[in-house]
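Trainee: Got a few minutes to walk me through this one?
Mentor: Sure, pull it up and ask away.

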Amino acid sequence: MPELPEVETVRRGLAPVMEGARIRRAELRRPDLRFPFPPAFSEALQGRRVVSLGRRAKYLLIDLEGGDVVIAHLGMSGSFRVEGALEAETPGDFHMPRGKDARHDHVVFHLETPDGERRIVYNDPRRFGFMDLARREDLAAHPFFRDLGEEPTGNTLDADYIAAKFRGRQTPLKAALLDQKNIAGLGNIYVCEALWRAHLSPERLAGTLVTAAGKPKKELVLLTEAIRQVIADAIEAGGSTLRDHIRADGSLGYFQHSFSVYDREKEPCRTPGCTGTIGRIVQGGRSTFYCAACQK
Ligand SMILES: [Zn+2]
């Protein structure tokens, strides 16, 4: 499943084409993805100008003039590509091969842009992605968004905020960090990476990072910084891919960039001075990679 940095890179790749463009036609090639399209979806989009392209957690938010917002989620295998320029452009460079099969092109936004006609094509072989429509003023209370915690991007995520969430919690750190009510959009890969950077065991209980008075311990301050930095680094890596490597083949998936601990079972730990080996445990049905020697 694409993680937040991938979705943010897709957003950054699509924004220059979509923002300010008018949707001449929204072509749906089937009645549903993971869920049915909302009633009159293509009619609601037709002729509307895209005001801005945003993101909340792993949802892309396409703001339209008139106050409607298209909510798009990539699911497991969804991708967007831009067609109609000299060559097809795919925002980002991803690890898993993505669908290029036209049979899986399920949605096409036909756009009028200052640079001419463009098509934004949504391809999704497994169809776990979905699109919905909401009013801008209703988004905060929308079931997708109302319980989400702070974003790991921007300045709102700080150690005091996490301390308030973790205080007294007997939950392993891995599960507490994956809980979207605490931090929105943080997934398995980047939780492993952040815990490794902060030298904290994924099995450590969340409440042990908070003082009796409810203040963040130094370890939690370092963890907060590691979370913000690991996400920022991944977005930066995606951004440089976007600049340097716009591809013509229309494939999207996970970033190619290498991880420090994720998927490195039995490899030497990369922490300077550590002689440990990366191990793997299963927590909540998902693999956790960590170094028992330097993560306490
Ligand atoms: Zn280590």
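**Helices, zinc and sheet**

Mentor: Start with helix H5 (residues 188–197): nine of its 10 residues are buried, so the helix is largely enclosed by the rest of the structure. Buried means under 20% relative accessible area, exposed means over 50%, and partly exposed is in between, using a 1.4 Å probe and protein chains only. Helices (H or I, at least four residues) and strands (E, at least two) are DSSP runs, numbered from the N terminus.

Trainee: Which residues of H5 are buried?
Mentor: Asn188, Ile189, Tyr190, Val191, Cys192, Glu193, Ala194, Leu195 and Trp196. Just after H5, histidine 199 takes a positive phi of about 60 degrees.

Trainee: Hang on, what kind of model is this?
Mentor: This is a predicted model, where local features need pLDDT of at least 70, side-chain atom pairs count only at pLDDT 80 or more, and totals for chains, interfaces and linings use all residues. Residues are numbered from 1 along each chain as its sequence is written, and side-chain values use heavy atoms, with hydrogens and water left out.

Trainee: What is the mean pLDDT of the protein chain?
Mentor: It is 89, and 88% of the residues reach 70 or more. pLDDT is the predictor's confidence in each residue, from 0 to 100.

Trainee: Where does pLDDT stay under 50?
Mentor: Residues 93–97 are one such stretch, with 21 contacts beyond four places in sequence in the model. Over residues 243–254 the pLDDT is also below 50, and this stretch has 43 contacts beyond near neighbours in sequence. Contact means heavy atoms within 4.5 Å. Where pLDDT is low, the predicted coordinates should not be read in detail.

Trainee: Okay, metal next. What are the protein donors of the zinc ion?
Mentor: Four cysteine sulfurs: Cys269 (SG), Cys274 (SG), Cys291 (SG) and Cys294 (SG), lying 2.3 Å from the zinc ion. Donors are N, O and S atoms within 2.8 Å of the metal (3.2 Å for Na, K and Ca); water is not among the atoms, so sites may look incomplete.

Trainee: Which geometry does the site have?
Mentor: Tetrahedral, with angles of 105 to 114 degrees among the four donor atoms. Four donors earn that label if all angles lie between 85 and 135 degrees.

Trainee: And how are the donor residues spaced in sequence?
Mentor: As C-x4-C-x16-C-x2-C. One pair links distant parts of the chain, 20 residues apart. Cysteine 274 is in the loop between helix H6 (218–244) and strand E9 (278–283), while cysteine 294 is in the segment after strand E10 (286–291).

Trainee: Cysteine 274 and cysteine 294: buried or exposed?
Mentor: Cysteine 274 is buried, with a relative accessible area of 17%. Cysteine 294 is also buried, at 14%.

Trainee: New topic. Which strands form the open sheet?
Mentor: Four strands, in the order E2-E3-E4-E8, with antiparallel pairing. E2 and strand E8 (130–135) are the edge strands, each pairing on one side only. Neighbouring strands are turned by 20 degrees against each other on average, direction ignored. Two strands pair if DSSP finds at least two bridges between them.

Trainee: How many bridges join E2 to E3?
Mentor: Six, between strand E2 (residues 50–56) and E3. Glycine 54 has leucine 61 as its bridge partner, and arginine 56 has tyrosine 59.

Trainee: What about E3 and E4?
Mentor: E3 and strand E4 (residues 68–73) pair over five bridges, antiparallel. Aspartate 63 is bridged to valine 69. The two strands form a hairpin with three residues between them, and glycine 66 in the turn has a positive phi of about 100 degrees.

Trainee: How many residues of E3 are buried?
Mentor: Six of six, in strand E3 (residues 59–64). Both faces are covered: Tyr59, Leu61 and Asp63 on one side, Leu60, Ile62 and Leu64 on the other.

Trainee: What lies across E2 and E3?
Mentor: Helix H1 (residues 4–18), running at about 175 degrees to E2. Axes are lines fitted to C-alpha atoms, for helices over the stretch in contact, and angles run from 0 to 180 degrees between N-to-C directions.

Trainee: Last one. Which non-glycine residues have a positive phi?
Mentor: Alanine 57 is one of them, at about 50 degrees. Alanine 57 lies in the loop between E2 and E3 and is buried, with a relative accessible area of 3%. Arginine 127 also has a positive phi, of about 55 degrees. Arginine 127 lies in the loop between strand E7 (116–123) and E8 and is partly exposed at 30%. Most residues other than glycine have a negative phi.

Key
Four donors count as tetrahedral if all angles lie between 85 and 135 degrees; four count as square planar and six as octahedral if opposite donors are over 155 degrees apart and all others between 65 and 115; anything else is irregular.
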